[in-house]
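Colleague: Please take a close look at one helix pair in this model, and then follow the chain outward from there. A plain description will do.

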Amino acid sequence: WHLHVAGAEELPREEIEPVIADPLRTQRRAIDLLPAGFLDAVRDQTGVLVSTGRGNFGFLHLSFQEYLAARHVRSQSLSQPALVRELASRFDVQAWREVILLALGLTSPNLFGPVMQALIDAGALSRNPSLASDCLRDAAEPSAVPLLEALAEGVEDARERFQVLRLLKSDVFGDWMDATIEDGRTGREVLEALRADASDGEVRGLLRELLGIEALAIVSGIGEPEAESERTHEQDGSVLAYVPGGSYRLGGWGSPIHTVRLSPYWIGKYPVTNAQYGTFLEATKYEEPEYWGDKQFNGSDQPVVGVSWYDAQAYCAWAGLVLPSEAQWEAAARGTDQRNYPWGGAEPTEKLANFDENVGRTTPVGSYPAGAGPFGALDQAGNVWEWCVDLWGASAYAQRDGETDPVRREENLSESARRVLRGGSWALRSGFLRAAYRFRGPGYSRLRRIGFRVSLRSPSTA
């Protein structure tokens, strides 16, 4: 623990000996327990510690240091609760990632509740949503109760409140709606009380998802539902955001600016997740994607990757949905004001999107509520490239000005035919995140940077 707090992998004997002196006095073993003798004995007899030519001591492997630092927090958590808060304060420090996950994986006592409470109190979940999801994955005894207790007591910051609610979507908790918190309320009652007071649009939307409430279509003056309307697709559980019909100006940033007219439609609020794709695999016995067994990319709430255009089409056929056209995808990301990015004109930051390897892998869908598009869709910038139904055409945007519901299709093509990809990815620079940026890839590509989202035509126009 002392080494890790110091940010070091080795320290001189004279600094380590005072640290271990008091703990050694509590031992009752018939060996030389003077600090100097103990260090030498562990080095010479076990190999766990090593000493360098400079006379410093450290662990043979960093993993020993991380594991034993986690054990220290676990063993001292009851007598020194400040240690848990100290651990939580380092949540967004990469060097502490494994220590936090290892601590949550230990039991007797189980640290999940105290650590989660400390993280929420510090507003840490929103600083590292991916690690927050990993905490659920690696915890020995995860429970929804600490999250519900925090929500009941009040999480002031809307971004942190959103992340707490997002974690509740995880399948590790099972049926937590009937779980009871200290004041006797159930999980459902806690969320219903929150919904009555929620002022943030993304929090309201997530509460509706968790409670299974369909957003009602509020009729506007032109006979269409409001832009915030959402629905859940029964077959695969996709949350769909409504995009009103009308004229949209698309293109720019290297592509001809043009206007198309789109019929009303629904588009996936999130990319399709591993959990959803797993249900499809189980039902159809379809071939698993690339990276399906890769721990970096196979979290249940991460977007499925390693899927080809043909795989995405097969999923959509099973779900009774379709891939969005390129025009639909861009209109959902840009709205009617031709914004540069889904959230507006501001340049991308780590608070808005997952890009430029700032996380180093995909993040759970919906981790960046501040990056929401004009109709509520999330993750349309960064995280994964997304397949569109269209065949790639470099000159397509120059040819479709004034068209209604344009889409470029050709039959009987080889699997190497290039298909449209949109949105950038976790591994690319910010320029690729522009909502107007067009890209393409062979239909057979199954890369760790490619996923997809779904769409559905509005019943009124079907």
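Modeller: In this predicted model, helix H6, residues 97-105, and helix H8, residues 129-138, have axes that come within 8 Å and cross at roughly 30 degrees. The crossing of H6 and H8 is right-handed. On the H6 side the contact is made by Arg97, Ile100, Leu101, Leu104 and Gly105, which meet Leu131, Asp134, Cys135, Arg137 and Asp138 of H8. Sorted by class, the residues of this contact are five nonpolar, one polar and four charged.

The loop that follows leads from H6 to helix H7 (112-121), and Pro109 lies in it. The peptide bond from Ser108 to Pro109 is cis, with omega near 0 degrees. Most peptide bonds are trans, and most residues other than glycine have a negative phi. Against the second of these norms stands Gln338, not a glycine, with a positive phi of about 50 degrees. Gln338 is also a loop residue, placed between helix H15 (326-334) and strand E9 (385-391).

Next come the enclosed spaces. The structure holds two cavities of 30 Å³ or more, and the largest cavity contains about 70 Å³ of space. Its lining is made up of Trp343, Leu352, Ala353, Asn354, Thr363, Tyr368, Gly371, Asp379, Gln380, Ala381 and Asn383. Five of the lining residues of this cavity are nonpolar, five are polar and one is charged. The charged one is Asp379.

Among the open spaces, the second largest pocket has a volume of about 700 Å³. A total of 32 residues line this pocket, and those nearest its centre are Lys169, Glu209, Gly237, Thr273 and Gln276. Four helices each give two or more residues to the lining: H10 (158-168), H12 (201-211), H13 (274-284) and H14 (309-319). H13 supplies the largest share, three residues. By class, the lining of the second largest pocket has 13 nonpolar, 11 polar and eight charged residues.

Last, the confidence of the prediction. The average pLDDT of the protein is 92, and 94% of the residues score at least 70. Residues 216-227 are a stretch where pLDDT stays under 50, and for these residues the model has 17 contacts beyond four places in sequence. Where pLDDT is low, predicted coordinates should not be read in detail. The contacts of residues 216-227 belong to a stretch with pLDDT under 50, so that caution applies to them.

Note on methods: Residues are numbered from 1 along each chain as its sequence is written. This is a predicted model: local features need pLDDT of at least 70, side-chain atom pairs count only at pLDDT 80 or more; totals for chains, interfaces and linings use all residues. Side-chain values use heavy atoms; hydrogens and water are left out. On a 1 Å grid over the protein atoms alone, a cavity is a set of points where a 1.4 Å probe fits but cannot get out, and a pocket is an open set with protein on both sides within 12 Å along at least five of seven lines; lining residues have an atom within 4 Å of a point. Grid points are joined across faces, edges and corners, and a volume is the space filled by probe spheres set on the points. pLDDT is the predictor's confidence in each residue, from 0 to 100. Contact means heavy atoms within 4.5 Å. Axes are lines fitted to C-alpha atoms, for helices over the stretch in contact, and angles run from 0 to 180 degrees between N-to-C directions. A crossing is left-handed if the near helix is turned anticlockwise from the far one by less than a right angle, and right-handed if clockwise.
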